[in-house]
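Let's walk through this one together, starting with a helix and then moving on to a sheet and the cysteines.

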Amino acid sequence: MKCSKENTVSWSNEVNNVYVADNGRIRVEVDLAHGGYACTRPGFFELSEVYSAFRWQGREYHTGLYDRHVLQAEPQAIEDAFGQGIHWTIRHESSTVPTMEQHFYVYEDHAFFLTKAVITSAVETQVRRISVLKTNKLTAAQPSSPQDELHVLRVPYDNDKWVRYTARPLPYETESYEVTVLFQPESRNGLLIGSITHDVWKTGIRIKGERPDQVDELELYGGAAGEMTRDVLPHGYVIGTRIESPLVLVGFYEDYRDGLEEYGWANTCVTAPLPWAGGVPFGWNSWAAAMSNLDYDLYTSTSDFLKHEVQPLGFENDQTLYINFDAFWDRFTKEEMEDALRRVRNNGHLAGTYWTPFAYWGSVTQFQDTVEGTNGQYTYADILLRDDAGEVVADIAGGLAIDPTHPGTLARIDWFTQKMIDEGFSYVKLDFMAHGALEGKHYRREITTGIAAYNYGLSYLAKKLSPESAGRDIFINLSIAPMFPYAYAHSRRISCDVFGTIQDTEYLLNSVTHGWWMNQSLYRFNDPDHAAIYRSCNQEPTSWHEGRSRFTASVIAGTVLLLGDDYRNPEAAERAKAWLGNQEMNGLARLGRTFRPVEGNFGDRASDVFVLDRIENSSVIYLAVFNFSGKEAAHKSISLERVGLESNQSYRVWDIWEGTEQEAAKVLQVSLEPAESKIYKITQSNA
C-alpha cells in the first residue's frame, strides 16, 4: 500500500512524561509514569490504562507494577509490508522481575497499530502465559439507536464438533481465539484485536461486560488451552532468555467487516499464504454419498455420470472435475483402486484422496504395529503424543494424537505422500488436523508448544506435497483444523461436517457470516464442504428448496465446489441435471469469491442476506437471500442502502435461478417458500 504525503505519523512528548504517536486516524499515548498506554480513534472506541503482563513464579506481573518505565530510544522510521511508519520500544525494569519490553508500530495509512510484548532476562526463563494487552477501561461511541448496542464476536479456535461463531450484545462473557471484533451493528463501527503471528502461541481473547455497552475486562494473551482448543493439558512453556508474545493488531474501523478483511491481509504481510495458480476445484467427494460404505461401483459410476450427463451442461472448471475419495478408501483392493483411478483418468478427471496425518484410530492392542515407512524402527506406541508422565494424551472423537515432531511421524509422512504421488492423486483432504496441535511432550525437546509442533509437522507435510516434490500441482485441503496457521494449505473447510438439510445450510452460513474474510487472504479458497443437493446417506431426502439452498450456499462460500450425492438415485441425478447447468451459478463459483454478510448481529445464528460487490471492472453486485425455516414461508424487506447501493437509484434485479427480472428502489421485497433461497444479479436500471 502506498503512503500518503498527507497522513504522516507525528511523534510528541507531552506533559507528565506522556509520549504520543498520531497518524490522523489513530492516536497511541504511552504513559511512562505509570507503565500503561491508551489508544483511540476519535468518535469510535478508546482503550485506556492498557498493560502487558506475564505469569511467572506463581504470580502475574503487569507493566504498571514495574519500578521504571523507559523509552528505549527515539522512534525509528520503518518501511515494511504494512507501509511506512514508526517503531518504538518501552522497557519496564525492576530488580526482582525479568524485564518486559513493549513494542509499538504505527503506520501512515492505517487505522491500526501493531504491538507485542517481550520478556528478557540474563538467565533462561519459562513462561506459559503472556498478555499482550489487558485493560478494564474500554469506551465505545454512543450508540446511534437502541439497535446499535455493542456486540462481541466470539471466533472459534477450530471448526470441530459443530462449534459456532457467536455475536452477542453485552452483558456477555466469552473467550475468542486469535481475533475478535467489538462492533455496533447499525453504524458498523468496530474495534478489532487479533494476533498476526501463529508460530508458537495459541492466542485467547477474554471479554467480559456486566452491563450493556460497557466492557469491564479485555485481555489478549498467548497461552490459551482448554476445552475449546481440544486440550486436556495446559499450554506448553516457552523457554529462553528472550520470549516474544504474538504480534497483535489493534484497529478502529468505520465498518467492522473492512476490519476483518484487513486483518486477513495483515496476516499475509507476515506469512504468505500457500499459492495456487489454478482455478476453483469443481467435482465430487464420497463422504455424504456413502460414508463407510464407499465402494468401487459408486466411485466409478459417479465419474461416468458427471462426465457424460453433467459436464456437457457446463459444470466444470479448467476443463476437468475432481473425483475425490473420503475416508474408507483403504477398503479398496489394490486392483480395484488401480482400475478405479484408470476409469477416472480416462474420463479426463483428476482423482483426490484423504488422510489423517496426525490422528491414530487403532486400539491399544494395535499400538505395537509398525509405523509405515520406518522399516520396523518405530511402532505406533512410539509416535503417539504423551504427557510428562508418559501417558498417551486423551483422544478427540476417538482418534489419538500423533506427535508431529517424531522421526517416525516424518517417515510415515514420507511413505503416505509418496504413495499419493505414485498413484497420481491431484487433491488431498487432510482431516482431524487439530490433533497435531494438542499440547503434550514432544520428541523434539526444543518444541514445547502444540502450535509450534503443528507448524513443524504440517510444514514438512506441505513440502512433501509441493510441486517441487510431487512434480505436479496437488491441491491441499484442511478439514477439521485450527484456523491458524494457514500457510500450508490452499483451502480449509470453513465449518465442521455439513449435510443437506436447511439446518445444515444455516450452520454452514454461520461460519460464512463471520469467516468470509479468510477467503483469498489466509486461504486461496474457503471450503463449504461437499454439497449433497438431494440426500446425504445419513439423512432423509431433502426438499427441492433445501437442496437448491445447499448448493447456493456452497457457491457463495468462496469456494471448493464439490458435490456429494449418489447419482445412481434417479432423483439425485434429476436435480444435478436441472441445476448444474446454470451458467450464472457456475460462473459465480469460478470467481472463487466469498459473499459478505449484510448484517452480523444474529447471536449464534447465520445472517440471511449476503452480498458480493467490488467485482473487478464491473458495476454488478450479487445478492443471496435465505429462509432458514423449513416449515414457514418468509417475506423480507432488504434495504438496498445497507447492501451498499444508492438509495436514490433504481435497479434491475435478475433472479438467477428463476430467470425473472424486476425493478427495485430503496427496498427489495423478497418472498420465500420454506427453506427457499434466492440469488440475484443487480445492475443500475440505466446501465
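**A helix and its neighbours**

The buried residues of H6 (buried means under 20% relative accessible area with a 1.4 Å probe, protein chains only) are Gly 408, Thr 409, Leu 410, Ala 411, Arg 412, Ile 413, Phe 416, Thr 417, Met 420 and Ile 421. Bear in mind that this is a predicted model, where local features need pLDDT of at least 70 and side-chain atom pairs count only at pLDDT 80 or more, while totals for chains, interfaces and linings use all residues. Residues are numbered from 1 along each chain as its sequence is written, and side-chain values use heavy atoms, leaving out hydrogens and water.

Helices here are DSSP runs of H or I with at least four residues, strands runs of E with at least two, numbered from the N terminus. H6 covers residues 407–423 and spans 24 Å from first C-alpha to last, close to the 24 Å expected (1.5 Å times one less than its number of residues). Its buried residues pack against several elements, including strand S25 (350–355) and helix H7 (450–464); contact means heavy atoms within 4.5 Å. After H6 comes Gly 424, with a positive phi near 90°.

Now for the sheet. Eight strands form an open sheet in the order S31-S30-S29-S28-S25-S24-S23-S32, with parallel pairing (two strands pair if DSSP finds at least two bridges between them). S31 (525–527) and S32 (561–563) stand at the edges with a single partner strand each, so one side of each lacks a neighbour in the sheet. S23 (282–285) pairs with S32 over three bridges, and Phe 282 has Leu 561 as its bridge partner in S32.

Last, the cysteines: there are zero disulfides, taking a disulfide as a pair of cysteine sulfur atoms within 2.5 Å. For Cys 537, the nearest cysteine sulfur is that of Cys 496, 15 Å away.

Definitions and conventions:
Buried means under 20% relative accessible area, exposed over 50%, partly exposed in between (1.4 Å probe, protein chains only).
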